[in-house]
Amino acid sequence: METLQRLDAASPDQCRLTLKPKTIPADAWRVPLRLLKYKTLESTNTTAYQLGERGSPEWTVVVADRQTKGRGRNKNKWESVKGGLWFSILLRPRISSAKLSILQFLAANATRQALEDETRLKIQLKWPNDLVTNRGKLGGILVESKTTVDKVAFAVIGIGINLNQRQDALPKGAVSLLRETRTRYERLRLLRAIVHTTATKLDDLDKPSSIMKEWWRNCIHRPFHVQITCHNETVSGITRSIDEEGTLLLETDDHKVRRISEGTLRLLDDQSG
Ligand code: ATP
Ligand code: BTN
């Protein structure tokens, strides 16, 4: 009940742009979609998660013009000014919770492909959850979920893409599609392309090796010299492959093989290997 009130008694600024969720038939988007558009939200992931707890059906999609508390991994702040594409997809995948990590890679593949098809810009992936161009970070994916024992009650795929922001509205190291292609993009058109591609790729959720092969093919640091930091430890080496759980295999500078399942990766300038 409290969740209900929090969602419905939004401040005027947080008002929903569509009075009722817009239900879009499956033929247009490949799935029957329930689209909720907001002017401002703290985080589309938070709202989608609350909707998940209230029993909203899968393919409920929450999109906001701006987020005041957009977040990335490890509660990192995600800058979400107007002009970007900030949205979350609620899914109820019938997989065990051990298989959840694959969703992030599947969503990254779908987003990359959809954006590349729509813009013709070369977009690549950086472990574990970034979409990048040669010049910087274009977007990121944040999957959050509710699990019971080993089952997934629901998962929220949060996707953030810098779309029509000018360079001065972007954080350091970030790029937008506008900056990269000198073209402005219609937000809902790209949203639709990403949802459509995600729905198509979800048919292969039980084929993790093909998901990871696609991810690896489009990975920007394959096989380059990188540095990975995790829990105050930094290692460098060459990323040689990725396994079905999304764990990176790093050949360290002293030629040992390390399996790395979390951390922040930076491409080193020398690019040896
Ligand atoms: P990175 O993804 O850059 O390697 P990280 O893995 O440590 O960093 P993430 O949670 O994946 O952290 O992403 C958060 C990072 O993204 C922050 O360092 C922040 O500077 C950057 N960032 C925040 N908002 C945006 C944005 N709109 N576009 C691009 N980058 C952003
Ligand atoms: C990252 O690079 O760490 C992932 C960033 C994910 C940002 C998106 S924007 C829509 C959704 N709502 C959030 O608060 N985060 C995700």
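In which sense, left-handed or right-handed, does helix 4 pass helix 7 in their crossing? In this predicted model, helix 4 passes helix 7 in a left-handed crossing. The points below take up that helix pair, then an open sheet of five strands, and finally the surroundings of ligand 2 and ligand 1.

**Helix 4 and helix 7**

- Helix 4, which covers residues 101–119, packs against helix 7, residues 208–217, at an angle of about 50°, and their axes are 9 Å apart.
- Since angles from 65 to 115 degrees count as roughly perpendicular and those under 35 as roughly parallel, helix 4 and helix 7 are therefore oblique to each other.
- On the helix 4 side the contact is made by Ile102, Phe105, Leu106, Ala108 and Asn109, which meet Pro208, Ile211, Met212, Glu214 and Trp215 of helix 7.
- Sorted by class, the residues in the contact of helix 4 with helix 7 are eight nonpolar, one polar and one charged.

**The open sheet**

- The sheet is built from five strands in the order 12-11-10-9-13, with antiparallel pairing.
- Strand 12 (257–260) and strand 13 (264–267) stand at the edges and have a single partner strand each, so one side of each is left without a neighbour in the sheet.
- From one strand to the next, the twist averages 45°.
- Strand 9, residues 225–230, pairs with strand 13 in the antiparallel sense over four bridges; Gln227 stands opposite Arg266 in strand 13, while the bridge partner of Ile228 in strand 13 is Leu265.
- Strand 9 is also joined to strand 10, residues 233–242, by six bridges, and the two run antiparallel; the bridge partner of Val226 in strand 10 is Gly237.
- Strand 9 and strand 10 form a hairpin with two residues between them, and His231 in the turn has a positive phi of about 45°.

**Surroundings of ligand 2**

- Ligand 2 is surrounded by 22 residues, of which the closest are Ser43, Gly72, Gly140, Gly158 and Gly160.
- At least two residues of the shell around ligand 2 come from each of helix 3 (44–53), strand 4 (85–91), strand 7 (136–148) and strand 8 (151–161).
- By class, the shell around ligand 2 holds six nonpolar, 13 polar and three charged residues.

**Surroundings of ligand 1**

- Ligand 1 is surrounded by 14 residues, and the closest are Gly72, Arg73, Asn76, Glu79 and Ala174.
- The shell around ligand 1 divides into three nonpolar, seven polar and four charged residues.
- Gly72 is listed among the closest residues both for ligand 2 and for ligand 1.

Terms used: Residues numbered from 1 in each chain as written. Chains lettered and ligands numbered in written order. Predicted model: local features only at pLDDT ≥ 70, side-chain atom pairs only at ≥ 80, totals over all residues. Near = placed C-beta within 6 Å. Nonpolar A, V, L, I, M, F, W, Y, C, P; charged D, E, K, R; others polar. Axes fitted to C-alpha atoms, helices over the stretch in contact; angles between N-to-C directions. Parallel < 35°, antiparallel > 145°, perpendicular 65-115°, else oblique. Left-handed = near helix turned anticlockwise from the far one by under 90°. Contact = placed C-beta atoms within 7 Å. Pairing = 2+ DSSP bridges.
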